[in-house]
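Dear colleague,

Please find the structure for your review below. My findings follow it, beginning with the aromatic side chains.

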Amino acid sequence: MFIISTNINRLEEILKARLLELNASVDSIKKQLSKYPKGMLKVRKNPSGFSYCIKDIDTKKIAYVRKENIKKAQVIAQRDYEQRYLKVVEKEISDIERILEKNYSDRTKNCYSGIIEGRKILVQPFEMSDEDFVKQWTAVPYKSKVFRENDTTEYYTDKGERVRSKSEIIIANMLNTLNIPYKYECPLKLENIIVYPDFTILDVKERREKYLEHLGMMGDIDYVNNMMLKISTYERNNIFLGDRLICTFESAKHPLNISTLKTKLHALL
């Protein structure tokens, strides 16, 4: 349903990258053009090939280029080519800037953003803004993993969510601070089983879900074995570490590194 949006966003990225490339070329060419000599190159075809002469711009005198001095012709020919190329590049830059100024993606997204909520729930949009996409994703209800009756721990995030450890409070609050949409222990069906990722994260730019698992008891061998089985289940379903699966680690001797967590989230999202 969001193919158009994805394509437009990708097109904008391509155009912006091309713009940077072209502007770099313009700067390089202009610097080089300032070093070239003056003169007008004349090319004539004759039975044995081509002959060249250079016309002096100031004196109007014409001098034939001998074979041993062919580099003079080559330099001016290169200059003329780069001047021609520069004009084409500057035209392309102008065209790209004009397209980007139109904000086509914003206009089409606003077709949905601009209608009232009562109509939005009736419509299947071709594309939507990031804000609307996040709102729709967040609004989907889910039943999280239940706490055991004998679990007396009381850990709450800044959003008032009950979590299972102090480290999960840190992770949830950092996601919230970084404006990364997430769901805590949202059920996920993998093969024929239901797993509960610690955090289901929405990568807004890519418009896909990613999963964060906090491995907080790395000193417990049974716990580690269970988590390895869980990670194996993810991988059998094409959810791989470093792509859609993010893991943080902790043990009694090595607590959660907050700085590393922040860097990891920035890198993967």
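Tyr182, Tyr184 and Phe199 come together as one aromatic cluster. Please note that the model is a predicted one.

Across the whole structure, the search returned four aromatic pairs. One of these is formed by tyrosine 81 and tyrosine 85, whose ring centres are 6.0 Å apart. The planes of tyrosine 81 and tyrosine 85 meet at 35°, and the pair is therefore classed as tilted, since that class begins where stacking, at under 30 degrees, no longer applies and ends at 60. Both residues belong to helix 2 (residues 70-102), where they are four residues apart and hence separated by about one helical turn. Tyrosine 85 has a relative accessibility of 34% and so counts as partly exposed.

Two arginines are placed over aromatic rings. Arginine 164 lies over the face of phenylalanine 147, with a distance of 4.0 Å to the ring centre. In the other case, the charged end of arginine 207 is positioned over the ring of phenylalanine 133, 4.3 Å from its centre.

As regards the strands, strand 1 (residues 40-46) and strand 2 (residues 49-55) run antiparallel and are joined by seven bridges. The connection between strand 1 and strand 2 is a hairpin of two residues. Within this pairing, leucine 41 has isoleucine 54 of strand 2 as its bridge partner. In a regular strand, side chains alternate between the two faces of the sheet.

With kind regards

Conventions. Residues numbered from 1 in each chain as written. Predicted model: local features only at pLDDT ≥ 70, side-chain atom pairs only at ≥ 80, totals over all residues. Heavy atoms only, no water. Phe/Tyr/Trp six-rings, centres within 6.5 Å; stacked < 30°, edge-to-face > 60°. Buried < 20%, exposed > 50% of the residue type's maximum accessible area, 1.4 Å probe, protein only. Lys NZ or Arg CZ within 6 Å of the ring centre and 35° of its normal. Pairing = 2+ DSSP bridges.
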